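Visitor: Could you walk me through this one, a corner at a time? I'd like to have it on screen while we talk.

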Amino acid sequence: MKGPKIVYVCRECGKESPKWLGKCPDCGAWNSFDEEEIIEKPIKQGLNSGRSTNHEKAQKFSELELPTYMRTGTGMGELDRVLGGGLVDRSVVLLSGEPGIGKSTLLLQICSELSRTRKVLYVSGEESKGQLKMRAERLGIIGDSIYLLTETDVDAILDECSSLKPDVIIIDSIQTLSSMRFTSVPGSITQVRESAMALINYGKTNGSAVFLVGHVNKEGGISGPKVVEHMVDAVLYFEGERTNSYRIIRAIKNRFGSTNEIGVFEMGDKGLVEIPNPSELVMAERPKNTSGSCAGCVMQGSRPMISEIQALVAKSVYATGKRTSDGFDYNRMCLLIAVLEKRMGLKFYENDVYLNVAGGIRLDEPSADLSIAMALISGITDRVIPDNLIAFGELGLSGEVRAVSHIEYRVKEAIRLGFTKILLPEKNVTKSLKAPAGVQICGVSNIYQVLAHMLAKPN
Ligand code: TYD
Ligand code: MG
């Protein structure tokens, strides 16, 4: 009799190989192949060699009906924003992040609100019922329609779902699940993929929304659940520093909304607290009268957000200066430094440069260029940029300042937070851009004009 089929699967990327390999040819990981047994379904003999005959017929696009998505608020506006306006019924969301970042806390917290209109099943394969009850008490989670199951066997979970018929299923976490139908260990690619597939199928056929929690490994990739990403409707990453209480949630993929939105939270004694106005948080922590600091405004999806750039420029003890960048693309920072060296003759090469975006926000928009260049100039010259000044604009290689989008939103947010001098690209200055009394809007077209504003006496 033929034995079970053995394949070797890369733990990092899911590449399958008929023989063991020391290095994965796809992702380059070393020693990442695990042996897995494949149980093949017997192929039915006869007509069409076992293929189903009642397959779907192709339909005309013009005859298709527009679907309507029912959304439910999770009680966390910041999470709703990232989901595209609430949790879509029947959708599958993968929430991933490093262990201890707050995934379980967030999902437990949304149970209360969801359970007001939906039956929620929280499945934990990591914590005991007692631990979860204690945490739920601390977080003030109440609701008569929240059910708890501590189970790791995916078939047992599906059985329970069939009898309970929950509207929302939360799986914490996908790496703890396994099925007796496969011989590989829990957390292996096959187990993660098949468990996720079974739950997704259940959700889609029975109309339940599913949240899958996935742990990220140290390297940043999701170990195992990477293969789940293409099966789900939305992939959310939960990020933050252990040493910092701020947490940011962002969508990497969203079939029902934009992927530009971010949600900001703070982890406290009573779980995660939303921060609907992150700009105010940045402003509250801003040091006064220090060189190397400049305020900017970036769009995070539909929301303008004030950011504070800090640049520490110090004499280097080595022949080539050291550069680090936290929260901004390293290569872009090097490019801006090169522009300032070439166009303004500033000697950054003799210095170490440490760039930091305060508050743990990542800037990946060209409009941040101007505030970064100004923080760098301020850092190297030790000239303080007035606290009331804010700048946004893209910087070109010849030192020209280029126009940016959403200018009205940015200006409004800057004015709301008390900035009275706003430097922005000359091309963005239009008649419709109105400033209230006491606020100066200054159009700049090159880096020399920016410098003139920096050197001008504050009024
Ligand atoms: P948790 O949600 O268990 O993380 P994950 O599921 O992503 O692994 O969060 C764990 C951390 O959060 C833990 O280190 C303790 C901290 N925490 C608080 O600071 N306050 C709270 O109210 C809770 C519930 C957790
Ligand atoms: Mg957890």
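Visitor: Which residues does R323 touch, leaving out those up to four places away in sequence?

Guide: Start with where R323 sits: strand 17, residues 323–326 (helices, H or I of at least four residues, and strands, E of at least two, are DSSP runs numbered from the N terminus). A contact here means heavy atoms within 4.5 Å. With residues up to four places away not counted, R323 touches Y330, M333, I337, E341, F348, Y349, N351, D352 and V353.

Visitor: Before we go on, what kind of model is this?

Guide: Residues count from 1 along each chain as its sequence is written, while chains are lettered from A and ligands numbered from 1 in the order in which they are written. Side-chain values use heavy atoms, with hydrogens and water left out; local features need pLDDT of at least 70, side-chain atom pairs count only at pLDDT 80 or more, and totals for chains, interfaces and linings use all residues, since this is a predicted model.

Visitor: Back to R323, then: is it buried or exposed?

Guide: The cut-offs are under 20% relative accessible area for buried, over 50% for exposed and partly exposed in between, using a 1.4 Å probe and protein chains only. R323 has 17% relative accessibility, so it counts as buried.

Visitor: Which backbone oxygen lies 2.9 Å from a polar atom of the R323 side chain?

Guide: A polar contact is a pair of N or O atoms within 3.5 Å; within protein, one must be able to donate a hydrogen and the other to accept it, and residues adjacent in sequence count only if both atoms are side-chain atoms. For the R323 side chain, the backbone oxygen of F348 is 3.1 Å from one of its polar atoms. The one at 2.9 Å belongs to N351.

Visitor: How is S32 placed, buried or exposed?

Guide: S32 is in the loop between strand 2 and strand 3 (33–38). Not counting residues up to four places away in sequence, S32 touches V9, C10, R11, E12 and C24. Its relative accessible area is just 1%, so S32 is buried.

Visitor: And how about S405, what is its relative accessible area?

Guide: S405 also lives in a loop, the one between strand 21 and helix 9 (407–416). Its side chain makes a polar contact of 3.1 Å with that of H406. S405 is partly exposed, because its relative accessible area is 38%.

Visitor: In the hairpin of strand 1 and strand 2, which residue takes a positive phi?

Guide: Strands pair if DSSP finds at least two bridges between them, and strand 1 (residues 5–10) and strand 2 (residues 16–17) run antiparallel with 2 bridges. One of the partnerships is Y8 with S17 in strand 2. There are 5 residues between the strands, and the one with a positive phi near 90° is G14.

Visitor: How many residues of strand 12 are buried?

Guide: Strand 12 has antiparallel partners: 7 bridges join it to strand 11, and 5 bridges pair it with strand 13 (residues 262–268). Across the bridges, A234 stands opposite N254 in strand 12, and Y246 is opposite E266 in strand 13. Strand 12 is mostly covered, its buried count out of 9 residues being 7.

Visitor: Which strand gives the most to the lining of the largest pocket?

Guide: A pocket is found on a 1 Å grid over the protein atoms alone, as an open set of points where a 1.4 Å probe fits, with protein on both sides within 12 Å along at least five of seven lines; lining residues have an atom within 4 Å of a point. The largest pocket holds about 430 Å³ of space (points are joined across faces, edges and corners, and the volume is what probe spheres set on them fill). Of its 19 lining residues, the closest to the centre are G240, E241, D326, G360 and I361. With 4 residues, the top contributor is strand 12.

Visitor: One more: what arc do the buried residues of helix 10 cover?

Guide: Helix 10 (residues 447–455) has I447, V450, H453 and M454 as its buried residues. They lie on the same side of helix 10 because the arc around the axis, taken from the directions to the C-beta atoms, is only 110°.
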